Amino acid sequence: RRLNVRVNIELLSVSNPVHKKDLAVRLTDDTDPFFLYNLVISEEDFQSLKSQQGLLVDFSAFPQKFIDLLQQCIQEQNKDIPRFLLQLVSSAPALDHTPVSLNVVETNPFKHLTHLSLKFLPGTDAEIKKFLATCLKRLKEDKMMLEEKLKKTEEDLTRQLSYTQQSLSEKSRELDKLKNEWTSYTTALSNKHSQELTSEKERALQAQTQYQQQHEQQKKELENLHQKSIQQLQNRLSELEVINKDLTERRYKGDSTVRELKAKLSGLEDECQRAKQEVLSLRRENTTLDAECHEKEKLVNQLQTRVAVLEQEIKDKDQLVTRTKEVLDATQEQKVILEESTEEKQRHIEKLETTIKSLSAELLKANEIIKKLQGDLKTLMSKLKLKNTVTIQQEKLLAEKEEKLQKEQRELQELGQSLRMKEQEVCKLQEQLESTIQKLEESKQLLKTNENVITWLNRQLSEVQMAKKLDSPASAHAGGRAAVSPLGMPDRPSFHSSGISHPISPLYAFQNFLEPTHSKNGNSQCPVQLNSQLSKLSRCSDAHTVPAAGHAANKENGDPLGLESKYLKKKDDSIPLRGLSQNTLNSEYLRPYVPAKAQPAPKAAATPASAYFPG
């Protein structure tokens, strides 16, 4: 079977009569208060153990190495096939006050290797009594601590209540004052603004009427002046247009005559060029003829027969030259005449241009007059715009004052909302006070229930002691086991020493108790394996059928022995036992225990681990 077991490791230093160090190891079960096995190893015992099992570690390093092995078992406990196991082997069919051996086993596919094997002895009645006494002492200390904390919290809460009530009263007074001030202030502002608005509206209406009258008068005067100036300009324009038409007609006629004369000039110039070309050609011929004459003079003797013919040709040529000279003279005369006519026409054109210049100057003067009139119109329009801007600014001032009124109204609304928020905060503070009062009542109820648990434990201890005094040692042991409450017992104390410790599982209620020993301890919870053949446990055996009369009656009637129903509920974080039969689960050895919550001790701690019991 598989079971969670707590392992406490402690180094004890003894100085009387000789200074020695002993290693104390204790096995306990939180579900079974009578499950207690002890082992004390001295330095001489460790030397024999080292020689028997072939250990390579000294006595000073042995506790830490043992804790490392236990931590490896804890790490492998949640796996389906763990590599490291902690086996608790007993010779008897059940764990009933017989020596057991604790083996740290490493599993591999070939072999199970035992790294360490330790033999434990069961705990005596005196050790169990000592353990229960330390549990009671721890409970009383926790009760005193809780009562002191409750008193402090009550005082703090009462102070906070008084302070909050005072602050609430002061804030309510301030709110009333603010409300009165704001109402008076808003009424005064509204009256002032209403009076100012009425006065400004009247002023604006008066100014608007005055400006409208002035504007209409100025508009009429400007319209009359504008119409008169427009009529004058129109008359002037009509006259200028008539003059301009006459001048344009004259200009067009002069242009046409100039064009005709230019055409004639071009024709005459062409003829002159042709005559010049002919003259040039004649001169060239003369030069050739002179050359021929020289040649002929040279050949006079040879060409006497042809002299008469050449003389005639010379005469003809002389006649042609005279004719050409006459033609040139006539053309020069015609050219002089044309030049005189062109000069006269140019003079006429200059006169026309002067007249056109005078007309253009008059037109420029007329345009300047028109521009001046337009500037006057612009100045008048700018004055009108200024008047319009003044009116617009006054309208803007009115709009700004209206916006100020709206802003003040919004501020009034925001103040109202802030007052509502403060009232809501006051309600929330009252709700918090009510919740704190409820928490105080619940803590008082928890204190009462803790006191009931402590009284019940005291009663059970007294009954156990009375039963042991009356009965024989064998029957006393059986009765003590049967007198255990179905709720289980609190946790056993840990060995307080010089610093070997492990973290504590949240499944355990009471974890470490003070002892006046100066020693080194380590507390861990690791898997334990029982290889003994477990037979079905009979509840009708002689060792388990000697319960006290009061307990039997309570079991039959379903009475929870003075505890409330919330202590009998099963917790969600409790670890179930696997691999047990229904009879063993119902036996007194494996009853579920739900301990009360307690503060962890600062010195030592325990680590949870699940024990594995095959079979």
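Let's start with a pair in one helix: D142 and R138 are four residues apart in helix α3, so about one helical turn separates them. Before I go on, please keep in mind that this is a predicted model.

What do the side chains of D142 and R138 do? They meet in a salt bridge, with 4.0 Å from N to O. Both D142 and R138 are buried. For R138 we can put a number on that: its relative accessibility is 13%, so R138 counts as buried.

R138 has another partner as well. The side chains of R138 and E141 also form a salt bridge, this one at 3.8 Å, N to O. Again the spacing fits, because R138 and E141 sit three residues apart in helix α3, which is about one helical turn. E141 is partly exposed, with a relative accessible area of 31%. Put the pairs together and you get one network, in which salt bridges with shared partners join R138, E141 and D142.

Why would such side chains pair at all? Side chains of opposite charge can do so when their charged atoms come close.

How many salt bridges does the structure hold? There are nine. One more that I'd like to show you is between D58 and K50, where the closest N and O atoms are 3.5 Å apart. K50 counts as partly exposed because its relative accessibility is 23%.

Let's step back to the whole chain. There are seven helices and seven strands in the protein chain. If you walk along the sequence, the pattern reads β-β-β-α-α-β-β-β-α-α-α-β-α-α. The chain has 615 residues, and buried residues make up 29% of them. Its accessible surface comes to about 42200 Å², with 54% of that belonging to carbon and sulfur atoms. As for contacts with a separation of 6 or more, 70% are between residues 24 or more positions apart.

Now, on to the inside. The largest nonpolar core has 31 residues, and the members that touch the most other members are I9, L23, V25, L27, F66, L118 and F120. Which elements supply at least two residues each? On the strand side they are β1 (2-14), β2 (20-28), β3 (36-41), β4 (84-90), β5 (100-107) and β6 (112-122), and on the helix side α1 (43-53) and α2 (62-75). The largest share of this core comes from α2, which gives six residues.

If you'd like one residue to click on here, try L118. Which residues does L118 contact, once its neighbours within four places in sequence are left aside? They are L39, I41, L49, F66, V100, S101 and L102. F66 is worth a second look, as F66 is in that contact list and also among the core members that touch the most others.

Back to helix α3 for the rest of my time. This helix covers residues 125-298. In an unreviewed entry, UniProt lists residues 125-154 as "domain: SAS-6 coiled-coil". In the model, that stretch is 100% helix and 0% strand, and its end C-alpha atoms are 43 Å apart.

Further along, we come to the surface. L178, W182, Y185 and L412 make a nonpolar surface patch of about 340 Å². Which element gives the most to this patch? Helix α3 does, with three residues. Y185 is one of the patch residues, and its place is in helix α3. Is Y185 buried or partly exposed? With a relative accessible area of 45%, Y185 is partly exposed.

I'll finish with two residues of helix α3 and their partners elsewhere in the sequence. D255 lies in helix α3, and D255 is partly exposed because its relative accessible area is 32%. D255 and I349 are 94 residues apart along the chain, and their C-alpha atoms are separated by 8.9 Å. K262 is also found in helix α3. Is K262 buried or exposed? At 56% relative accessibility, K262 counts as exposed. Its partner in this comparison is T342, 80 residues away along the chain, with 9.0 Å between the C-alpha atoms.

So, where to look when you open the model? Go to R138, E141 and D142 for the salt-bridge network, to L118 for its contacts, and to L178, W182, Y185 and L412 for the nonpolar patch. Thanks, everyone!

Methods
Residues numbered from 1 in each chain as written. Heavy atoms only, no water. Patch = residues over 30% accessible without salt bridge, like charges linked within 9 Å, V, L, I, M, F, W, Y side chains within 5 Å. Areas by Shrake-Rupley, 256 points an atom, 1.4 Å probe, with all protein chains shown as cover. Buried < 20%, exposed > 50% of the residue type's maximum accessible area, 1.4 Å probe, protein only. UniProt positions renumbered as here; feature names shortened; annotations may be inferred. Core = buried A, V, L, I, M, F, W, Y, C linked by side-chain atoms within 4.5 Å. Contact = heavy atoms within 4.5 Å.
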